[in-house]
Each structure stands twice: as C-alpha cells, then as structure tokens.
Amino acid sequence: MATIEDIMAVLRGVIDPELGSSIVDLGMVPKVTIADDGFVMVKVALTTLGCPLQAQIRKDVIARVEQLPGVTKVKVEWSELTQDGRAEVMAIARKRIAENPPDNEILPSTKVIMIASGKGGVGKSSVTSNLAAAMASMGFTVGVLDADIWGYSIPRMLGIEGRLEGVTVGSSDEPQSTADPVNADGATAEPTPSSSERSRTKIAPNQRRIGAGRLKVVSMGFLVDQEESALMWRGLILNRAVQHFLEDVRWGDMDYLLIDMPPGTGDVQMGLAKMLPRAEMVIITTPALAAQKVAARAGSMGRKNYLRIAGVIENMTAFVAPDGSRHEIFGAGGGRNLADELNVPLLGQVPIDNAVAEGGDQGEPSVLGDGPAATELRRIAELMVTEITPPVDMGTCTVRLMEAPVEISLSS
Ligand SMILES: Nc1ncnc2c1ncn2[C@@H]1O[C@H](COP(=O)(O)OP(=O)(O)O)[C@@H](O)[C@H]1O
Ligand SMILES: [Mg+2]
C-alpha cells in the first residue's frame, strides 16, 4: 500500500511549467491524505486558479498517484494562494533556479516521453521515429534523443545525418574556446569540462522539417564517425551519455521530447528519472507472452523510479495478407496482458508491415505514407497528443513574474 512518501515522490514529477519546479519543491502541496479504502486526497495550492495549467496539473496528479499500489481513487482539492503565499512560492522558485540552475536543457514546458522495452528488436526505435514524425507532421516541435548509445538507429530511420554543430552561449566577454565543443574538449587532457566551460558551449541538435512541424535529433550516430570526438565521448560519457545529451545540447523550445531507450536500461532509466522526474514511459512489447514478461520488467523499473507509465504499444501484432487473411506470426495477447498487468491503457497495436522496415531503412518514416502500420501509428500519435500526453498549454495564465530567473536558467 502506497505511503504519503510514495505519493510525494510521484508528485515530484508534476511540474508547474510556469514556475519551472515541481509542485512539491515549490511547497504547493500542503496536504495529502490516504484513507483505509485507498482513497487519496491531494491538496494543491495554485498561484492562480482557472487557467489551463490547473487542468493539466490535475490530470498529472491523478495520472501519477492512481498508479501507486493500493490507490483506489484520487481527488484533487484546490486552493488559491494568498498574496503572501504567492510571494513565498515565487521566492522559492527564484531561489531554486538561482541556487541550482536546471541540470538539463529541457524546458519545463516540454513533455518528455521515454519509449522503453525489456529487450531489443521489438520495434522501439521504429515506433519512436514514427511517432516523432507523426507528431511533427501535426505541427509540433519534437525532439528525439537516441539514448541507445551504441545501438543507435534513429539517424538512419529519420533520414538525418551530418555532424552536430557547436553553439556558443553565455557571456561574450570571456574568451570563447571554439565553436566546436566536441573536438575542443577532446583535444584537452582534462576529460570533464568544468561547468563554466560547459555552460558556454553547447551542441545544436540536427533538425528536419516535417510539414508544419520540426524534428530535433541527437544521437551518438552523429558523433562516432569523428574519430577524435568519438574517443573523447567514449571515455567521458559511456555511462553518462544520456545525461550529457540533456545537459550539453541546446534543445530549445520543444513540445515533446521522445527518448529512444536502450534495452534493459536499469541505470539509464534511473539517471533519467532523477534528472527528469516528469518523464512518462510508453512500453513497447511484441504480442508473444514471453516478450510481455520481459517488458513488464521495464514497467516495474519505471514504477520503482516513480515514473508515470502512460501506456503500452504492441508492435508486430499480426500480418494481414493482401487477400485479407490474418497471420499472428509473433503470437497474440501480449500487449493487452501487459497493459492489464500494469493497469495502463493499451495505446495501440501496430501490425507487421514491411513499410515500417523499408521506411526505416530509407529514412522516410512509414507513418508519413499509407498502409496498415501507418494508419495505426498515426492513430496512436493522435491519441497521445490529445488524451494521453497532451502538450503543455501555458494559455493565458502566465504570470511572467519569473522572467529574470528564467533568463538565467536559459543561459547558464
Ligand atoms: N511493425 C513492424 N512491421 C515490420 N517490421 C518492423 C515493425 N516494427 C519494427 N520492424 C523491424 O524490426 C526490426 C527491429 O526494430 P527496431 O525498431 O530496430 O527495434 P528496437 O529499437 O526495439 O531494437 C527493424 O528491422 C524494423 O524495421
Ligand atoms: Mg533500437
């Protein structure tokens, strides 16, 4: 049965996007109660009631708390901070940003979705690249972080290549070492750049426009062909690569960041959960019941790290031949079972469709074309942006009292 501590831990993933910190750290959760029958009441004190953020915070609170064991129902009770209370929360927010500038470049307004699985070969990268392309085609700006460091496939699947360029940020009166942080750091004897060094030079993600939207992509695949920098990265980050991709890449504005997770993932997932407690997981499985068991481990690891599991996608569901006959080549039922076991929605079932493999090889995600897999992938992407993980909508409720500190956070 969940404890108050467990509830506070998952609530750390609920960010007030305007203030840039979690509602727990901001002191906006004055009271949580759990009744014997599993009924949880969370009291949230907002700076202002009646703006889109309120609905989002409510949805976030419920989605996270209701996944805890033994919780039967969640209710959010609101209160509006008094002027003094508000000033206090603002002061905490400013102080937090000034004292510990965000340890990553992902803005609070970006939704973070980790695409995970228990093992490789189930279609994680295919689903990630197709969902990203579909969301971009709807007009969103979508980041893709290829966290499968040595098994990367995102560059090929999204048809993006080219080295990553350095961008210089921060104060201009100090000497700038170079526009290329990778080679510069690689050339120095010291393997870890100091934080001030890091703050001045960042890497720009590679980009691709799709329809009205845009993809921003970072992958080890953009770095390893450069021998010198590959060496540097190898020594410097093997275990901390994902962290560096979050810290040292100038991601900028994004509606979504999709993270293609490496299989297995204990350490990477824990590191990510620490840096981005608001991340949500989508778990990919094939229909085989054995695969579902392995995928369940990814889910329980996520739960242990207090991440929300947004849902399950079954991939390689069945092959429908041109004559209409259906062939369940990899079994059946794994996705449904896993979703039920984790008590999350089954977001969709992507059929076996050669267009997925071909599109991946040619760098033209199949979701942008036609066919059975494309139709289902597009439906899943639509479901995600509308119901499951809608984008953060700052709407009209920006208090904008945070402008100065936010500027600090962007440039440090
Ligand atoms: N729905 C699908 N239909 C047909 N082939 C698929 C489908 N999903 C993935 N594939 C193929 O299966 C292989 C493994 O997929 P991939 O996305 O690389 O898996 P992972 O990232 O989990 O290791 C790739 O060759 C890919 O093209
Ligand atoms: Mg992969």
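1. Start with the shell around ligand 1. Helix H4 (124-137) and helix H13 (354-362) each supply at least two residues of this shell; helices here are DSSP runs of H or I with at least four residues, strands are runs of E with at least two, and both are numbered from the N terminus. This is a predicted model, where local features need pLDDT of at least 70 and side-chain atom pairs count only at pLDDT 80 or more, while totals for chains, interfaces and linings use all residues. Residues are numbered from 1 along each chain as its sequence is written, and chains are lettered from A and ligands numbered from 1 in the order in which they are written.

2. Who sits around the ligand? The shell around ligand 1 has 18 residues, and the ones that come nearest are Gly 123, Lys 124, Ser 125, Ser 126 and Ala 357. A residue counts as near if its C-beta atom, placed from the backbone, lies within 6 Å of the molecule or strand. By class, the shell divides into 9 polar, 7 nonpolar and 2 charged residues. For these classes, Ala, Val, Leu, Ile, Met, Phe, Trp, Tyr, Cys and Pro are nonpolar, Asp, Glu, Lys and Arg are charged, and the others, Gly among them, are polar.

3. Back to H4 itself. Is this helix enclosed or open? Of its 14 residues, 13 are buried, so H4 is largely enclosed by the rest of the structure. Buried means that 20 or more other C-beta atoms lie within 10 Å of the residue's own, exposed means 12 or fewer, and partly exposed is in between, with C-beta atoms placed from the backbone. The length of H4 works out too: at 1.5 Å a residue its 14 residues should span 20 Å, and the end C-alpha atoms are indeed 20 Å apart. That expected span is 1.5 Å times one less than the number of residues.

4. Just past the end of H4, Gly 139 has a positive phi of about 105 degrees. Gly 211, in the loop between strand S10 (206-210) and strand S11 (213-218), has its C-alpha atom 6.7 Å from that of Gly 139, although the two are 72 residues apart along the chain. Setting aside neighbours within four places in sequence, Gly 211 is in contact with Ala 136, Ser 137 and Gly 139; contact means that the C-beta atoms, placed from the backbone, lie within 7 Å. Gly 211 is partly exposed, because 13 other C-beta atoms lie within 10 Å.

5. H4 also has a link to helix H14 (residues 372-388), where Arg 378 is found. Which residues does Arg 378 touch? Not counting residues up to four places away in sequence, Arg 378 touches Ala 134 and Val 367. The C-alpha atoms of Arg 378 and Ala 134 are separated by 6.1 Å, with their positions 244 residues apart along the chain. Arg 378 counts as buried because it has 20 C-beta neighbours inside 10 Å.

6. Next, a helix pair. Helix H11 (residues 289-304) and helix H12 (residues 334-342) pack at an angle of about 30 degrees, and their axes are 9 Å apart. Axes are lines fitted to C-alpha atoms, for helices over the stretch in contact, and angles run from 0 to 180 degrees between N-to-C directions. On the H11 side the contact is made by Leu 289, Ala 291, Gln 292, Ala 295, Ala 296 and Gly 299, and on the H12 side by Gly 334, Asn 337, Leu 338, Glu 341 and Leu 342. These contact residues divide into 6 nonpolar, 4 polar and 1 charged.

7. Two loop residues after these helices deserve a look. Tyr 306, in the loop between H11 and S14, has a positive phi near 60 degrees without being a glycine. Asn 343, in the loop between H12 and strand S17 (346-350), likewise has a positive phi of about 60 degrees and is not a glycine. Tyr 306 is partly exposed, with 19 other C-beta atoms within 10 Å, whereas Asn 343 counts as exposed, with 11 C-beta neighbours inside 10 Å.

8. Finally, the chain as a whole. The chain has 15 helices and 17 strands, and buried residues make up 45% of its 412 residues. Among contacts between residues at least 6 apart in sequence, 78% join residues at least 24 apart.

Terms used: Two residues are in contact if their C-beta atoms, placed from the backbone, lie within 7 Å.
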